[in-house]
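Please look through the model below with the report beside you. The text takes up one strand first and then moves outward to its neighbours.

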Amino acid sequence: MANVVLEFKADAGDSEPPNRPILVVGQLSSLQQSSWTQIKAKLQPAVSKEIWQSALCALNPNPTDSCPLYLSYATVAALPSRVSRHNCPASAHFLTRLVRTCLPPGSNRCILMVCERSDVFASACAIARAFPLFTRRSTSRRTEKKHVTVEFITVGQDNGPLELSTLECLSNTADGVRLAARIVDTPCSEMNTDHFLEEIKAVGNELGITPTIIRGEELKHRGFGGIYGVGKAAEHPPALAVLSHTPSSATQTIAWVGKGIVYDTGGLSIKGKTTMPGMKRDCGGAAAILGAFKATVKLGFKDNLHAVFCLAENAVGPTATRPDDIHTLYSGKTVEINNTDAEGRLVLSDGVVYASKDLSADIILDMATLTGAQGISTGKYHAAVMTNSEEWEAACVKAGRSSGDLAHPLVYCPELHFSEFTSAVADMKNSVADRENAQSSCAGLFIGSHLGFDWPGVWVHVDIASPVHAGERATGFGVALLLALFGQASEDPVLNTVSPLGVAAANASSGDQMERDSKRRRLV
């Protein structure tokens, strides 16, 4: 599926299945609400109305089900009829699986997505995840481009055709998801810090933005002890890169800070042969932020937005950081290294402090594949969220459900947990004393401590270690979550709708917003 061109159209056109294989997918109730007149032009004459109705009667989703309509050229598939409160109403994960397994083969195919309008955004993101871009299979190099056209049939109250602006939003978001997944899937031999910087520059060129780059020895001289200490042993030097979108009408400043460890050997606290494979994915946070930044700026963003990339390869070499070394981070605080494999928090600490001190950010969100313990805490599908704001905690969960990039809170209790980092010779250690005491929470607290637990702005930490991949493929996780979470600051009406407030709620509370004492919480 790496050579697939994915297009979203208001009308995919008429064509019978042998000429253009088709997958019709949706909740059974939605499929039943759709009319035969909306679908028949894409199925007749191979599939009659009687066959279509018989197929719907045969579907028994538990949690999903599918039924062939005409040989291997046409299939109808049903999503779960209901989901729990911690899942996405659009059943995004199940949709991705159904597209991967049920979409008929061919060079020109169609997906007919039947859903309510409120599920369009999450459904489009889920479909995009089914078509990863990276491959080095020899056969794929000789294959022509394949086209998949996605058309939505909306049911329920607001069941009209999708507007061109909506299709543009879906297309840009899907491109961002697939960009992030491609970077995460690419091995370090082709995605070292040099290559990642080229990806950042390419996005900057497309948006008309020149990135700020601090690299190599300059990091050391300017006090970025975390990023420099982690990446100094690698062949390709570490870097801090920033893309900045600064519209004249901005009323607040937002910074997204991404962990971009292009490969993590663990350093001198080296990983084993079974835990090191897959560590090309340790740049998932930075990749998601790059994809989200590209999409959201193209769609129009009202406020200052900075994407901060903390890039390094945690390599083994003569100059590698040793356990017992002490580094001074950009915050000015000293850190005793007791585990070189706890490197992500070091680079992110430099990044969030740069966002606060140099970029004057009111809202800072860091995203990272930070801890293996995240998968134990919140599982394979839900990112782990920690924040100093109860409002933003709730907003992250809502944005996860509306986007399909699910999220669930971690414990935020620095007065109980931060003592895990106590050091006799420095301000703190970089790894906990007790690995059975809320590991993922503690890792987040380490980052927050460099901002200061009394920092007046909003800080959000998102650990995506497990959901960044499904099996051996990247998911592009994080792009949709960021777009939805910050949708209120977008000029795009779709993102306004899927944001934690939504257009209607924002209009209703506009008077209250004027009276709020802090602009930093305007987005929620």
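Both faces of strand E13 are covered in this predicted model, since Ile 363, Leu 365 and Met 367 on one side and Ile 364, Asp 366 and Ala 368 on the other are all buried. Here buried means under 20% relative accessible area, exposed means over 50%, and partly exposed lies in between, with a 1.4 Å probe and protein chains only. In a regular strand the side chains alternate between the two faces of the sheet. Because six of the six residues of E13 (residues 363-368) are buried, the strand is largely enclosed by the rest of the structure. Strands (E, at least two residues) and helices (H or I, at least four) are DSSP runs, numbered from the N terminus.

Residues are numbered from 1 along each chain as its sequence is written, and side-chain values use heavy atoms, with hydrogens and water left out. As this is a predicted model, local features need pLDDT of at least 70 and side-chain atom pairs count only at pLDDT 80 or more, while totals for chains, interfaces and linings use all residues.

**The eight-stranded sheet**

E13 belongs to an open sheet of eight strands with mixed pairing, in the order E7-E8-E10-E9-E13-E17-E14-E15. The edges are formed by strand E7 (212-215) and strand E15 (407-409), each of which pairs on one side only. On average, and with direction ignored, neighbouring strands of this sheet are turned by 20° against each other. Two strands count as paired if DSSP finds at least two bridges between them, and the table lists three pairs from this sheet.

| Strand pair | Sense | Bridges |
|---|---|---|
| E9 (residues 253-264) and E13 | parallel | five bridges |
| E13 and E17 (residues 458-463) | parallel | six bridges |
| E14 (residues 383-387) and E17 | antiparallel | four bridges |

Individual residues show how these strands are matched. Ile 254 has Ile 363 in E13 as its bridge partner, and Leu 365 stands opposite Val 460 in E17. Met 386, for its part, stands opposite His 461 in E17.

Two helices lie across this sheet. Helix H10 (284-299) crosses strand E8 (239-245), E9, strand E10 (304-314) and E13, running at about 140° to E9, whereas helix H11 (residues 344-357) lies across E7, E8, E9, E10 and E13 and runs at about 155° to E9. Axes are lines fitted to C-alpha atoms, for helices over the stretch in contact, and angles run from 0 to 180 degrees between N-to-C directions.

In the loop between E9 and H10 sits Asp 282; is this residue buried or exposed? With 5% relative accessibility, Asp 282 counts as buried. Contact means heavy atoms within 4.5 Å, and, leaving aside neighbours within four places in sequence, Asp 282 is in contact with Lys 259, Gly 260, Ile 261, Asp 264, Glu 343 and Thr 369.

**Cores and helices**

A nonpolar core is a set of buried Ala, Val, Leu, Ile, Met, Phe, Trp, Tyr and Cys residues joined through side-chain atoms within 4.5 Å. The largest one has 105 residues, and Phe 121, Phe 131, Phe 152, Phe 196, Trp 256, Phe 309 and Phe 486 touch the most other members. Apart from this core lies another, of 45 residues, among them Phe 224, Val 352, Leu 410 and Ala 443.

Phe 121 also takes part in the packing of two helices, for helix H5 (residues 120-129) and helix H6 (residues 164-185) pack at an angle of about 40°, with their axes 9 Å apart. The contact involves residues including Phe 121, Ala 124 and Cys 125 of H5 and Cys 169, Leu 170 and Thr 173 of H6. Angles under 35 degrees count as roughly parallel, over 145 as roughly antiparallel, 65 to 115 as roughly perpendicular and the rest as oblique, and H5 and H6 are therefore oblique to each other.

Helix H15 (residues 439-451) is mostly covered, as twelve of its 13 residues are buried, including Ala 443, Phe 446 and His 450. Just after H15, Gly 452 takes a positive phi of about 105°.

By contrast, Thr 497, found in helix H17 (residues 493-498), counts as exposed at 52% relative accessibility. Thr 497 and Gly 487 are ten residues apart in sequence and 7.5 Å apart in space, taken from C-alpha to C-alpha.
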